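Q: I have a model open in front of me and would like to learn how to read it. Could we go through it together, one feature at a time?

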Amino acid sequence: GEKSLPNYCAEWSLDNESIIYLKQSAIASVSLCQIISLYEVVEDSLAHRVIESTDTTYKETLQDEQKILLDKLVHKFSEEILLVTLRRFIFRYLSVEKLSPKIPLYFYLSDPTICWPSGYFTEDEGDKIAEIFTDEILVCHAYEAYRHILELIAERDRKNMHSLGNTKKEETAKPVTKPKPTAQSRKLDAKKKYNF
């Protein structure tokens, strides 16, 4: 895990020219345990651009019942985790491969090695996903499921901003009350008032 990438590649007999390049590059100090995280950061930043060009085969409209199923899934996990998972699935699979659009989406998402953020997913949760998704949400709904979760996040953020705005209004609307004067403060006021 703490081994550097150039040393790891040398152990696997990568050609010397490539190893020298790795040792001289900016990633020479990157350890193996950081590679997946680094890849996922780059992938997540690129995925935003690629997702919009997803084949229409995977952009089938969600019915209201399917949106309700997604909402249930959001309550089990979080919007952000599901958004990342769907974004990675679309980027890793639907942008480069032709998957059958009629396969249930849970077939891919219930596998902890496919798209879930590292350390988040457990085998038990894979069963929950399969139960919630059932056969209703298919691979052909992947893009629209992603868009639906984006909308849920935007709606949640609007509500939070609205409630934050109301809280600030309430704070500014409250009358300012002076604290009750203490014996000490009354003496000081009297000294100022009567100049002694």
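A: Happily! Let's begin with burial: of the 196 residues in this chain, 33% count as buried. Keep in mind that this is a predicted model.

Q: What does the accessible surface of the chain come to?

A: The total is about 13,200 Å², and carbon and sulfur atoms account for 55% of that.

Q: How many helices and strands does the chain have?

A: There are nine helices and zero strands. Read along the sequence, the pattern is α-α-α-α-α-α-α-α-α.

Q: How do I read the sequence separation of contacts, and what share join residues at least 24 apart?

A: Set aside the pairs that are less than 6 apart in sequence, then look at the rest. Here, 79% of those remaining contacts join residues at least 24 apart.

Q: Which residues have the most contacts inside the largest nonpolar core?

A: The general idea is that nonpolar side chains tend to be buried together in soluble globular proteins. In this model the largest nonpolar core has 33 residues, and Phe89, Leu94, Leu105, Val139 and Ile149 have the most contacts inside it. Two or more residues come from each of α3, α4 (64–76), α5, α6 (106–109) and α8 (142–173). The biggest giver to this core is α5, with eight residues.

Q: Now a helix pair. At what angle do the axes of α3 and α5 cross?

A: The two axes cross at roughly 75° and come within 9 Å. Angles of 65 to 115 degrees count as roughly perpendicular, so α3 is roughly perpendicular to α5.

Q: Which residues make that contact?

A: From α3, the list includes Tyr39, Glu40, Leu46 and Ile51, while α5 contributes residues including Val84, Arg87, Ile90 and Phe91. By type, the residues of the contact of α3 with α5 divide into eight nonpolar, one polar and six charged.

Q: Let's finish with a single residue. Where is Ile27 found, and is Ile27 buried, exposed or partly exposed?

A: Ile27 is in the loop between α2 (16–24) and α3 (32–51). Its relative accessible area is 32%. Buried means under 20% and exposed over 50%, so Ile27 is partly exposed.

Q: Which residues is Ile27 in contact with, leaving aside its neighbours within four places in sequence?

A: Those are Leu5 and Leu22. You can also compare sequence with space: Ile27 and Ser4 are 23 residues apart in sequence, and their C-alpha atoms are 9.0 Å apart.

Key:
Residues are numbered from 1 along each chain as its sequence is written. This is a predicted model: local features need pLDDT of at least 70, side-chain atom pairs count only at pLDDT 80 or more; totals for chains, interfaces and linings use all residues. Side-chain values use heavy atoms; hydrogens and water are left out. Helices (H or I, at least four residues) and strands (E, at least two) are DSSP runs, numbered from the N terminus. Buried means under 20% relative accessible area, exposed over 50%, partly exposed in between (1.4 Å probe, protein chains only). Contact means heavy atoms within 4.5 Å. Axes are lines fitted to C-alpha atoms, for helices over the stretch in contact, and angles run from 0 to 180 degrees between N-to-C directions. Angles under 35 degrees count as roughly parallel, over 145 as roughly antiparallel, 65 to 115 as roughly perpendicular and the rest as oblique. Ala, Val, Leu, Ile, Met, Phe, Trp, Tyr, Cys and Pro count as nonpolar, Asp, Glu, Lys and Arg as charged, and the others, Gly among them, as polar. A nonpolar core is a set of buried Ala, Val, Leu, Ile, Met, Phe, Trp, Tyr and Cys residues joined through side-chain atoms within 4.5 Å. Accessible areas come from the Shrake-Rupley method with a 1.4 Å probe; for residues, only the protein chains shown count as cover.
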